[in-house]
Amino acid sequence: MTTEYKVLRVPVGTGAFKSLATLPAFFLMSCSAFAATIVDNGNTLDVDSSTAPITDYLVRNNSTLNITGATTNSVTVTSGSTLTINGGIVNGNSGGNGVTINSSTATINQATVTADATALLVNRPNGSNQGSTVTATDSQFSGVVTGATVSGLSTLDLINSQVTGTAAGSRGLDIFGGAVRATAGTRISGDVAGVLIKKDPANVGNASLVLDNSTVEGRNGAAIVVEQGTDASIEVLNNSTLIGSNGNVLEVEGASTANMRVANSALQGNVQVTGNSTANLTFDSASMEGDILRENGSTANVTLNNRSSFTGRLNNSNLSLNSGSSLTMVGNDHIGTLTLSDSTVNFGAPGVPRANRQLEVGTLNGSGIIAMQGNFQTGESDLLKAGTATGSYELAVNASGKDATSPQQLTLVQIGNNQADFVLLGGRVDVGTWQYDLAERTNASGEAEYYLNPTTWLSSGAQSVVALFQTALTVSYGELKSLENRMGELQADDKRHGLWVRAYGNKWNVDDGSTGVGYRQEQQGFTLGADTRLGDSPWTVGMLAGYSKSDLNLSGGTSATVDSYYFGPYFGWLNQDNGYFVDGALKFNHFRNESKVGMSDGKRAEGDYNNSAVSAMVEGGRQIDLGDGWFAKPSVQVSAAIIQGESYYLDNGMSAEGDDTHSLRTKLGVMAGRSINLGDTQVRPYGRVAVVHEFASNDNNVRVNGNSINNNLSGSGFEVGAGVMVSVSERLHLGVGVDYAKGKNIEQPVAVTFSANYQF
């Protein structure tokens, strides 16, 4: 081989070349011409768009090349030199590289670099322990073989740049023991791999890749490949994306180890670990949908922190779930060691129907939630099998609005060596009309076995159904209370006509009783009325109308509402001579009922229906003048109600049907008080007490999914109350009353009524 030199000399001024001169400029090598402008011996050369000709550059021995807006051929920078490119174009299209940095530094901004081999080589010479450092911003690097290559002890920072391997078999980025950081929208793309990570030939440097809001794509292969016994550190941060056309976001092979941390990013694709390799994956507020494809002899360890999620198969990998993280299975799976800390394992996506799944775990430890599903019609269910288990776990099992065809036990957990505690999340599982609880036994193989066992407790949905049908009576009688007060006022006033309004609020506490349904009811409403005396007769007739709303709160987050609209006529008869009286009323109701059921698995079910009712009340007694304004009024009252039965469905498949409800109630009581004249104002305080008995029919049944539940409301109780009426003027009267009542399985801790009457 012969080498010829054509020497051009560049006048030197103050350590920098001002024009081409003095240094060897062109080389002829290997029978082909290689023309290069050489910057040497610590000098500086500035090249801009007006500089000619377009040529290769060699910068060596602590020298500097500054390219601004110029187009050049290949640029090689070596032996402690410096390259700066601002807006340049580099064409390394003569079979070689575009920009080569050897044991030197480069700052590249808004550049376009192409090459037949590698567009950007960040390197160090053989035997040297001095790497190179390059920062590239808003630039593009396209190489037929590789977009960029970084050797051991070298560093490359990519900021909003593109690095592309263009040909078949190309890689976007080769990391041979070097360190690369890609940020601010950088995109790296190659054919067989987006990024290939290998050892440096001299086995120096720590191979690392940091992706921050950046993308790596393998157009016909994996996003990232780690091979040849390499230890690699990978970080995927802040909405970074890995795309592998073969379905793999990461491949670790050839006895390599990859430590990959994913934070604030979502991965879609698989991780493949082969050839006695190891993948250690850590997720921090991140997610992955895909499988761990782990070959026998290789190891995969997955750690999820800070509400991270993994959806896929783990294939005998080890999994640690921490701080609100979750695993969602997509089929049967095996896990070597499963550790939970305040986290959840889902046997399939919540609420998505699928075949029963089985999870086998070598060692289970920690604490958390295991969410499972069961088919209560067939007796099949998800199954957790573990060799050894320690810790404590809550089993969250899907609820159902439909009854099992034939209630049977469902096995959920089997443990060989069990030192763990398992309970049901929420205590029980709703299955149609009934609830299931968790029981433990030892099976024929000597394993500890946990299974669901049917009970006779009503489910949340069934409780809401029974409560709604039962509530209609308390709603209706609560509304009649306002009319009782009005009747008493008619007996104490001799005016001919009256207009009145009552605003009231009632509370009831219903115990579990025979139905197992306990709830709290609050009712607010108002009644308007008008009445008139029929001439000089002792008869008064009137008409009332009103509205009330009742809110029911049951256990487990279940609630219901009843909107009631009502109207009806009423009458009164009073013998002024002896004080005997008879009052009566007829009331028609239309109810709008709605229930919202908090089921045992945290889901909600809803249902609504409309029905009607008619109720009547007759009261007779005597008003006795005791002198000095004092009075007493003993009375007996009979009231009755018929409430229409109705059928409806909850949207979880539960069906409900109620019989017509019949009620017959008697009340024996006495009111006493005194009328006190205070000038133009009269004050009438009073107190009352009564004994009440409900003769409700024992066949007031409710059917839930065809199961009959007796809604027996019969029993005795008492009422006490106090109030005051104030005559503000001859025609205007105001009043307030407070009552308390207690009966079998029901208490009314407070009933408050505010009244206003205008008499004329």
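**Strand pairing around β63 and the setting of Asn593**

Strands β61 (residues 661–674) and β63 (residues 681–694) run antiparallel and are held together by 9 bridges. This comes from a predicted model. Within this pairing, Thr666 has His693 of β63 as its bridge partner.

β63 also has a link to a short stretch of sequence, strand β62 (residues 676–678), with 3 bridges between the two in an antiparallel arrangement. Here Leu678 sits opposite Thr681 of β63. β62 and β63 make up a hairpin with 2 residues between them, and one residue in the turn, Gly679, has a positive phi of about 70°.

Then there is strand β66 (residues 715–727), which is joined to β63 by 13 bridges, again antiparallel. In this pairing, Arg688 faces Gly721 of β66.

Moving on to another strand, Asn593 is found in β55, which covers residues 580–598. Is this residue buried or exposed? Asn593 has a relative accessibility of 5%, and because buried means under 20%, Asn593 counts as buried.

So what does Asn593 touch, once its neighbours within four places in sequence are set aside? Its contacts are Leu468, Thr561, Val562, Gly607, Asp608, Tyr609, Asn610 and Asn611. Leu468 is 125 residues away from Asn593 along the chain, yet their C-alpha atoms are separated by 7.2 Å. With Asn611, the link runs through the side chains: those of Asn593 and Asn611 are joined by a polar contact of 2.9 Å.

Methods: Residues are numbered from 1 along each chain as its sequence is written. This is a predicted model: local features need pLDDT of at least 70, side-chain atom pairs count only at pLDDT 80 or more; totals for chains, interfaces and linings use all residues. Side-chain values use heavy atoms; hydrogens and water are left out. Helices (H or I, at least four residues) and strands (E, at least two) are DSSP runs, numbered from the N terminus. Buried means under 20% relative accessible area, exposed over 50%, partly exposed in between (1.4 Å probe, protein chains only). Contact means heavy atoms within 4.5 Å. A polar contact is a pair of N or O atoms within 3.5 Å; within protein, one must be able to donate a hydrogen and the other to accept it, and residues adjacent in sequence count only if both atoms are side-chain atoms. Two strands pair if DSSP finds at least two bridges between them.
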